[in-house]
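This report describes how the helices of one protein chain are arranged and where its buried residues lie. The sequence and structure are shown below.

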Amino acid sequence: MIEWLVLIATCSLETALCQYYYDSFMFFRWDKSQRIISFILVTIMGAGNAVLFEILPDKYYPIKLLTYIVIHMIFVKTCYLSGWIMSIFFSSSCILLQILVQTEIYVLFRFKHGDNQIFINIMCWVSCLIVFFIVVFLRKKLPLIKEIYKKESDELSRFIWLPLSMVVVGLFSYAYFVSDSDMGLFEISISAVLIAVNIVSMFLLQE
């Protein structure tokens, strides 16, 4: 019972953090009540996705990651003034940032995917706090993205493929290297580099 409550709390925190991230760069379509409903639905789907893939072998973890991204991609496309390209970019960028920071925290405290789920979720809370400060930094340093996207042009649509490609490469690298429970220095370094690349791609988008 406690593990279920911790899981729901973790998924709620991650969803709230994602919404904060999306609100930084896009405009929400609906009113407050619809925001709450969408928050609950995304939290439930995220928790269901986590539970489903916990009972499957580790080799299916990339599918879990991609499924989670699809959930958020649909959420962004439905609830924000966003095209499909921007939905893919921002959902992938946000989730990649969260997972890579979680990876660094897990390694720092010597936790692996098969350990006690309560402790793993607590480490997830710590990583969410770190990601929150990163997003606050991005909001201060990237004030133009939201206004630029409000006036989306053909030039922006063509340029988005550059940072989007960085996100895709980061997701591919994470899914096939960093997600391994026996992580070494090489994988940890990849994780750190991809965090930097993810942040740099946001600055490139504004420029």
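In this predicted model, helices H3 and H4 cross in a right-handed sense. The two helices pack at an angle of about 135°, and their axes lie 8 Å apart. Angles over 145 degrees would count as roughly antiparallel and those from 65 to 115 as roughly perpendicular; H3 and H4 are therefore oblique to each other.

The residues that form this contact are listed by helix in the table.

| Helix | Residues in the contact of H3 with H4 |
|---|---|
| H3 | Leu 65, Tyr 68, Ile 69, His 72, Met 73, Val 76, Lys 77 |
| H4 | Trp 84, Ser 87, Ile 88, Ser 91, Ser 92, Ile 95, Ile 99 |

By character, the residues of the contact divide into nine nonpolar, four polar and one charged. Leu 65 and Ile 69 of H3, together with Ile 95 and Ile 99 of H4, take part in this contact. These four residues also belong to a nonpolar core of five residues, which is separate from the largest one.

The largest nonpolar core comprises 37 residues, and Tyr 21, Tyr 22, Tyr 80 and Phe 90 have the most contacts inside it. At least two residues of this core come from each of H1 (2-25), H3 (61-79), H4 (84-108), H5 (117-141) and H9 (185-206). Helix H4 gives the most, with 10 residues.

Tyr 80 illustrates the surroundings of one such core residue. When neighbours within four places in sequence are left aside, the aromatic residues in contact with Tyr 80 include Tyr 22, Phe 27, Phe 28 and Phe 75. Tyr 80 also touches Met 26, Gln 19 and Asp 23, as well as Arg 29 and Arg 35.

Helix H4 also contains Gln 102. Is Gln 102 buried or exposed? The relative accessible area of Gln 102 is 9%, and because buried means under 20%, Gln 102 counts as buried. Beyond its neighbours within four places in sequence, Gln 102 is in contact with Glu 14, Cys 124 and Ser 127.

For the chain as a whole, the model has nine helices and zero strands, so that the pattern along the sequence, by the DSSP assignment, reads α-α-α-α-α-α-α-α-α. Of its 207 residues, 46% count as buried. Among contacts between residues at least 6 apart in sequence, 79% join residues at least 24 apart.

How values were computed:
Residues are numbered from 1 along each chain as its sequence is written. This is a predicted model: local features need pLDDT of at least 70, side-chain atom pairs count only at pLDDT 80 or more; totals for chains, interfaces and linings use all residues. Side-chain values use heavy atoms; hydrogens and water are left out. A nonpolar core is a set of buried Ala, Val, Leu, Ile, Met, Phe, Trp, Tyr and Cys residues joined through side-chain atoms within 4.5 Å. Buried means under 20% relative accessible area, exposed over 50%, partly exposed in between (1.4 Å probe, protein chains only). Helices (H or I, at least four residues) and strands (E, at least two) are DSSP runs, numbered from the N terminus. Contact means heavy atoms within 4.5 Å. Axes are lines fitted to C-alpha atoms, for helices over the stretch in contact, and angles run from 0 to 180 degrees between N-to-C directions. Angles under 35 degrees count as roughly parallel, over 145 as roughly antiparallel, 65 to 115 as roughly perpendicular and the rest as oblique. A crossing is left-handed if the near helix is turned anticlockwise from the far one by less than a right angle, and right-handed if clockwise. Ala, Val, Leu, Ile, Met, Phe, Trp, Tyr, Cys and Pro count as nonpolar, Asp, Glu, Lys and Arg as charged, and the others, Gly among them, as polar.
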